[in-house]
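Here is a friendly walk through one protein model, meant to be read with the structure open beside you. Keep the view handy and turn it as you go.

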Amino acid sequence: MKKKTTRTIRTETWQSYAWQAQSLLLAYPDEQFGQRLALADRVAATLPDPVAEPLLRFTGHAAQSAPADLATAYVATFDHRKRCCLYLTYYAHGDTRQRGLALLSLKQTYAAAGRRLADDELPDHLAVVLEFAATDPPTGQRLLCDHRAGLELLRLALTDDGSPWAHVLDSVSATLPALAGDDREAVLRLAAQGPPEEQVGLDPYASPVFLPDPVVGGPR
């Protein structure tokens with residue numbers, strides 16, 4: 001068996017480091033993004049291969065991109081296309097009253113763990129959820145699994161678009177348990193129908209979609 005020499009984080013803590021790095025890379029690439037990118041790159045090199053390799057593909061791409069181009073691509077990808085939405089409750093609830101209740105539930109979960117959001121943060125933004133998961137792994141993993149269908153749909157949409165951020169979603173999936181049958185069915189339903197009461201004119205969800213095996217279930 002080939003001996004690994006670069007994996008230095010203990011197995012009980014690597015998920016926290018992975019989620020923090022992924023959170024940094026899913027935030028808007030502002031003037032501090034270069035520092036976040038360098039930190040994420042160093043962390044990625046210490047993670048299990050299924051988690052690290054897609055992260056390193058993204059950091060390699062981002063390091064070779066002009067900051068303005070990366071920011072433009074981020075806005076075009078996440079701000080202008082509902083099918084690539086980073087707000088996880090949208091996938092299950094759309095713009096309905098149920099989404100408001102889901103947001104409130106997330107805020108209560110954060111508050112119970114002592115986390116207070118900034119005024120400009122929504123609790124279901126994937127970068128926020130991942131940052132919280134890094135500080136409270138058991139609760140954070142539960143939240144990510146609760147929104148697994150939306151996460152996988154986002155991953156598929158980014159992959160279909162050839163977006164470099166698809167690599168980050170591949171890495172997120174690799175930190176979570178393998179998809180069960182019900183999870184796959186939920187992804188297929190969302191892909192075919194879109195979120196509840198989706199408004200006319202938004203980018204349609206592709207149908208039918210055949211869900212590939214995600215890169216999941218990193219080393220245990």
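The report below starts with the overall fold, then goes through helix pairs, a buried helix and the cysteines.

## The overall picture

Please keep in mind that this is a predicted model. The secondary structure of the protein comes to eleven helices and zero strands. If you read along the sequence, the pattern is therefore simple to write down: α-α-α-α-α-α-α-α-α-α-α. The protein has 220 residues, and 47% of them count as buried. Contacts between residues at least 6 apart in sequence tell you about the fold as well: 69% of them join residues at least 24 apart.

## Three helix pairs

The table sets out three pairs of helices that pack against each other.

| Helix pair | Angle between axes | Distance between axes |
|---|---|---|
| α9 (residues 148-160) and α10 (residues 165-174) | about 150° | 8 Å |
| α7 (residues 126-135) and α8 (residues 137-146) | roughly 150° | within 6 Å |
| α6 and α8 | about 170° | 11 Å |

Let us take α7 and α8 to begin with. Their axes cross at roughly 150°, and angles over 145 degrees count as roughly antiparallel, so α7 and α8 are roughly antiparallel to each other. The crossing of this pair is left-handed. On the α7 side, the residues in the contact are L126, V129, L130, F132, A133, A134 and T135, and they meet P137, T139, G140, L143 and L144 of α8. Sorted by class, this contact of α7 with α8 has nine nonpolar and three polar residues, with no charged residues.

Helix α8 also packs against α6, where the angle is about 170°. α6 and α8 are therefore roughly antiparallel to each other too. Here L106, T109 and Y110 of α6 meet T139, R142 and L143 of α8. The classes in this contact of α6 with α8 are three nonpolar, two polar and one charged.

One residue of α6 is worth a look in your viewer. T109 sits in helix α6, which spans residues 97-112. Is T109 buried or exposed? With a relative accessible area of 18%, T109 is buried, because the cut-off for buried is under 20%. Setting aside residues up to four places away in sequence, T109 touches F132, T139, R142 and L143. Of these, F132 is listed in α7, while T139, R142 and L143 are listed in α8.

The pair α9 and α10 also has a left-handed crossing. From α9, the residues R148, L151, E152, L154, R155, L158 and T159 take part, and they meet W165, A166, L169, D170, V172 and S173 of α10. By class, the contact of α9 with α10 has seven nonpolar, two polar and four charged residues.

## Helix α10, inside the protein

How many of the ten residues of α10 are buried? Nine of them are, so α10 is largely enclosed by the rest of the structure. The buried residues of α10 are W165, A166, V168, L169, D170, S171, V172, S173 and A174. Which helices help to cover them? The cover includes α1 (14-26), α3 (49-63), α4 (67-79), α7 and α9.

A166 makes a good landmark in helix α10. A166 is buried, with a relative accessible area of 4%. Leaving aside neighbours within four places in sequence, A166 is in contact with L158 and T159, both of which belong to the α9 side of the pair described above. A166 and P54 are 112 residues apart in sequence, yet their C-alpha atoms are 8.5 Å apart in space.

## The cysteines

If you are wondering about disulfides, the structure holds zero of them. C84 is in no disulfide, and the nearest cysteine sulfur, that of C85, is 9.2 Å away. C85 is likewise in no disulfide, with the sulfur of C84 as the nearest cysteine sulfur at 9.2 Å. A disulfide needs a pair of cysteine sulfur atoms within 2.5 Å, so the 9.2 Å between these two does not qualify. As for their surroundings, C84 is buried, with a relative accessible area of 0%, and C85 is buried as well, with a relative accessible area of 7%.

Key
Residues numbered from 1 in each chain as written. Predicted model: local features only at pLDDT ≥ 70, side-chain atom pairs only at ≥ 80, totals over all residues. Heavy atoms only, no water. Buried < 20%, exposed > 50% of the residue type's maximum accessible area, 1.4 Å probe, protein only. Axes fitted to C-alpha atoms, helices over the stretch in contact; angles between N-to-C directions. Helix = DSSP H or I, 4+ residues; strand = E, 2+ residues; numbered from the N terminus. Left-handed = near helix turned anticlockwise from the far one by under 90°. Contact = heavy atoms within 4.5 Å. Nonpolar A, V, L, I, M, F, W, Y, C, P; charged D, E, K, R; others polar. Parallel < 35°, antiparallel > 145°, perpendicular 65-115°, else oblique.
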